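Please open the structure in your viewer and keep the selection tool at hand. The stops below are taken one after another.

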Amino acid sequence: NPPLFPSSPYALVLREVTPLTLPFVSLSQNDIDIYSLNVDCKVTSRYAHTVITSRVANKAEEAREAVFEVELPKTAFITNFSMTIDGKTYPGTIKEKASAQEQYDTAVSRGQSAGLVKSTGRKLEQFRVSVNVAASSKVTFELIYEELLKRKLGKYELLIKVKPKQLVKHFQIDVHIFEPQGISFLDTYITFMTNELNNALTKVQNETKAHILFKPNIAQQQKSSALEETLLDGDFLIHYDVKRIATAGDIEIVNGYFVHYFAPSQMPTFPKNVIFVIDRSGSMSGRKIEQTKNALLKILEDLSPEDHFNLITFSSLVTEWRSSLLPATEENVEDAKNHVKTIRARGGTDINKALLTSASALDKAISAELLPERSVSMIILLTDGQPTVDVETIQKNIKMAIGGNYFLYCLGFGFDVSYKFLEKMALDNGGVARRIYEDSDAALQLQGFYHEVATPILKEVEIQYPEDAVLELTQNDFKLFFDGSEIIVAGKINNETETFPLEIKAKTVMANLGEANVREKEQVFQHQKYIFGNFIERLWAYLTIQQLLEKSVSAEREEQKSLEARVLELSLKHSFVTPLTSMVVTKPEDQQEDQVANKPTESGTLNTNKRALCFLYL
């Protein structure tokens, strides 16, 4: 196998490719030499700016092809790429996708690998470019991308995938974290750590800053002094959270842009009313149904005594386990677990009737006042099949049944189900869609997502800012807020603003949340020593683009055009590779034509067998 090197938050691979006419030659004897690899990640208030720099030299007496590969988060946007060959820089240029489409189509028609970015797994997508390196020549690759870290289950995570399969003379992962609110905890976990590598890791932390440096030398990387094999093979993880004192959250203002972080904690959770809708069609037979049942058994154990629940199974027919929702007593949960163990897969896939039956059951329970007044009702749909009714009909039926009162969350298992169908149905009803991968840990993936949405602590959250002070604003109203997550609102402010009061309204289990005002708690925050200066403006643009893209999925055609036009404008202005822009990677004139990097979407196809999970909230 050719040597690989993944790195950066989320992996980098630099690979030597030997011509097929020659026998494989190890790097220790000859060929492309990766003499320097640096991953520089700076996180300022959750916004991560990552620069990956790799320097290689061709020590052979003839040209060799170097392949530069980086695995980056799916939520990240590439902002820049360049190659420097013998002192001359070849930059990547970000432009409207349509203007690069002809070049892309031409490359594809010739059998060239024109799409430089593709999905490669659960969290990652791969950037790849190759270039010929002349004999005794050097090339420097540099890739920059940015992302906003999302808080899940009470922590932020940076993942650096490390798998070089070769020794690198100057290897370094350098992470700086700056959180003005203060860092409450910081942990590193390295799956391949040994006593020798412990000395290569240094961590320095104070009230607001942390510096993590991993810099192993050649000897520390080696499995043994007699082997030219590397120990570096696994995940480099950084977890942290920030301090939260102010009830109304934290506001930071830099260069005319503000960001507001709101993440209340230690609040009671709303009771849940759950209907589990389980696909038992023939396509679920075998491993799929067993993993689904294993996940359900664990999830049922996580129900609280205040919760109510029921089970519905469906194939061509829809069957309710009980005629109404039951309290999650120890006895009822045990009976439900025994029922889950008896589920067998056979028949068709009537998703439409199953969802309508579930929505109707919740409506009846609420109308009969059988459920707590202050509670959250959800339908959890587990399916791997294609629906037997036209997807547009199902989407229309479910939207009508929900009537704006429920929240639908869909997890699409793999690529056999229509992800676009699940995504639109979820977004039409205030939820989100996500993929689950059918691996050995699929049951754990189901449980993990359930834990993210199992603890709603606020409903109907609305954050109001002074109208005369705010010129641009991201989303500021949210139907549900889950414990361990975070609300982020960003915007542009009037330069004449001297104070910045805000008001937060929401419903809790006990009562409505009071009007939390930061006029006295949080003054206008300005700090001139940020790790990179205009990060809040870029954070605002990043968040705005993400929200506009999400909104466009469920928008009507004319509104969709308007939303996409705004996305394109912001993408070009701030140099983001998004689904509406492309990056043309320029190469020397004597090499193959320039390549085009397009942002992949989650609705792409792969040859895998997966299934889907949907969460529906009231």
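**Stop one: helix 5**

On the other side of helix 5 from its buried residues, Glu330 and Glu331 are exposed (buried means under 20% relative accessible area, exposed over 50%, and partly exposed in between, with a 1.4 Å probe and protein chains only). The model is predicted, so local features need pLDDT of at least 70 and side-chain atom pairs count only at pLDDT 80 or more, while totals for chains, interfaces and linings use all residues. Residues are numbered from 1 along each chain as its sequence is written, and side-chain values use heavy atoms, with hydrogens and water left out.

Select residues 330–341 to display the whole of helix 5. Helices (H or I, at least four residues) and strands (E, at least two) are DSSP runs, numbered from the N terminus. The 12 residues of helix 5 should span 16 Å at 1.5 Å a residue, and the end C-alpha atoms are 17 Å apart, which agrees; the expected span is 1.5 Å times one less than the number of residues.

Next, colour Asn332, Val333, Ala336, Lys337 and Val340, the buried residues of helix 5. They cover an arc of only 140 degrees around the axis, and therefore lie on the same side of helix 5; the arc is that of the directions from the helix axis to the C-beta atoms. Add helix 4 (287–301), strand 21 (308–314) and strand 23 (326–327), against which these buried residues pack.

**Stop two: helix 4 and helix 9**

Keep helix 4 and add helix 9 (residues 442–453): the two pack at an angle of about 40 degrees, with their axes 8 Å apart. Axes are lines fitted to C-alpha atoms, for helices over the stretch in contact, and angles run from 0 to 180 degrees between N-to-C directions. Helix 4 is therefore oblique to helix 9 (under 35 degrees counts as roughly parallel, over 145 as roughly antiparallel, 65 to 115 as roughly perpendicular, and the rest as oblique). Helix 4 makes the contact through Gln291, Thr292, Asn294, Ala295, Lys298 and Ile299, and helix 9 through Ala442, Ala443, Leu446, Gln447 and Tyr450. Contact means heavy atoms within 4.5 Å.

**Stop three: Ala541**

Move to helix 10 (residues 535–553) and select Ala541. Its relative accessibility is 0%, so Ala541 counts as buried. Leaving aside neighbours within four places in sequence, Ala541 is in contact with His574 and Phe576.

**Stop four: Asp86**

Finally, select Asp86 in the loop between strand 5 (77–85) and strand 6 (88–96). Asp86 is not a glycine, yet has a positive phi of about 50 degrees.
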